[in-house]
Amino acid sequence: MISACALVVLAGCSSDAPSAASWHASGSGSAQGLAGQGGGDPIAHPIAAPGSVTPSAAASASASPSASASASTSASASPSASASPSTPGDGIIRTTGDQTVALTFDDGPGPDTPTILKMLRDQGIKATFCVIGQNVKQYPQYVQQIVADGHTLCNHTWNHDEALGKKSADTIRADLQKTSDEIRKAVPDAKVLYFRHPGGNFTPLAVQIAAELGMKSLGWNVDPWDWNVKKWQGQQMTNHICSVVRNNTKPGSIVLSHDGGGDRSATMAAYKTLLPELKGKFTLVAMPV
């Protein structure tokens, strides 16, 4: 009998990517790579929502990646379709609010950004990029390409300060404004309508200030922890990303992954397989602007 892990490799979700430094430090969160709620927990990323995968289930999934995908009644990809984000009382969007699925990529732009942009372009898929201000300053040409390709931009702070939301209102405002200003240096007419707090560590103050600056706070509900290169490397990481995304993505999902913050070769390898699969199962959209 072929193991579930072997099936993932046979499906093409494998890569040998070296480990590298990441924006994110490994935390002791409630689960490691699962469907979660993306915002409101002081630990980076692993935030479980009611009805999401339990920590034990997530651990089991990562130990034995499965080739099976979550079921969906939607089989078309419509890059131009617009989602209707669902915003709960805390002001953090964690689902698209309809049958669509939104792919989001954090911590760029960086050396791997052109790779994911080409894959998205080849598949006719639009996504959302949550960009770091200092990276925008280093790679303005990639931000220009993100916009030229029709993707949505999201403010992910100047230097990925996971504690920003606990600082003063003036500090938060200055950081977000500086980041948006840098984005508009690269693309003068860029629409920056979303904010994602690093680590998902949203605070009411950060959400409020983002709203005052014209930005909605963007969380997620599927997170493969592709930033955690200390736990998974190379083919193991690629298989893990495929497993979590396949098994937890459903209509309404906002999927978190990374195109920056370290070597994302394993993420790129995973999405080479995942993009056509997801396109065949869901309507994939960028967050609406």
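**Exercise 1. Determine what share of the contacts in the protein between residues at least 6 apart in sequence join residues at least 24 apart.**

Solution. Begin with the criterion, which is that a contact means heavy atoms within 4.5 Å. Then take the contacts between residues at least 6 apart in sequence, of which 77% join residues at least 24 apart. This is a predicted model, in which local features need pLDDT of at least 70 and side-chain atom pairs count only at pLDDT 80 or more, while totals for chains, interfaces and linings use all residues. Residues are numbered from 1 along each chain as its sequence is written, and side-chain values use heavy atoms, with hydrogens and water left out.

**Exercise 2. Find which residues a cis peptide bond joins, and place the proline among the secondary-structure elements.**

Solution. The cis peptide bond lies between Gly108 and Pro109, with omega at about -5°. Helices (H or I, at least four residues) and strands (E, at least two) are DSSP runs, numbered from the N terminus; on this basis, Pro109 falls in the loop between β2 (101-108) and α3 (113-123).

**Exercise 3. For Asp107 and Trp225, work out the sign of phi and whether each residue is buried or exposed.**

Solution. Asp107, which belongs to strand β2, is a residue other than glycine with a positive phi, near 75°. Buried means under 20% relative accessible area and exposed over 50%, with partly exposed in between (1.4 Å probe, protein chains only); Asp107, at 0%, is therefore buried. Trp225, in the loop between β6 (216-218) and α8 (234-248), likewise is not a glycine and has a positive phi of about 55°. Its relative accessibility is 0%, so Trp225 counts as buried.
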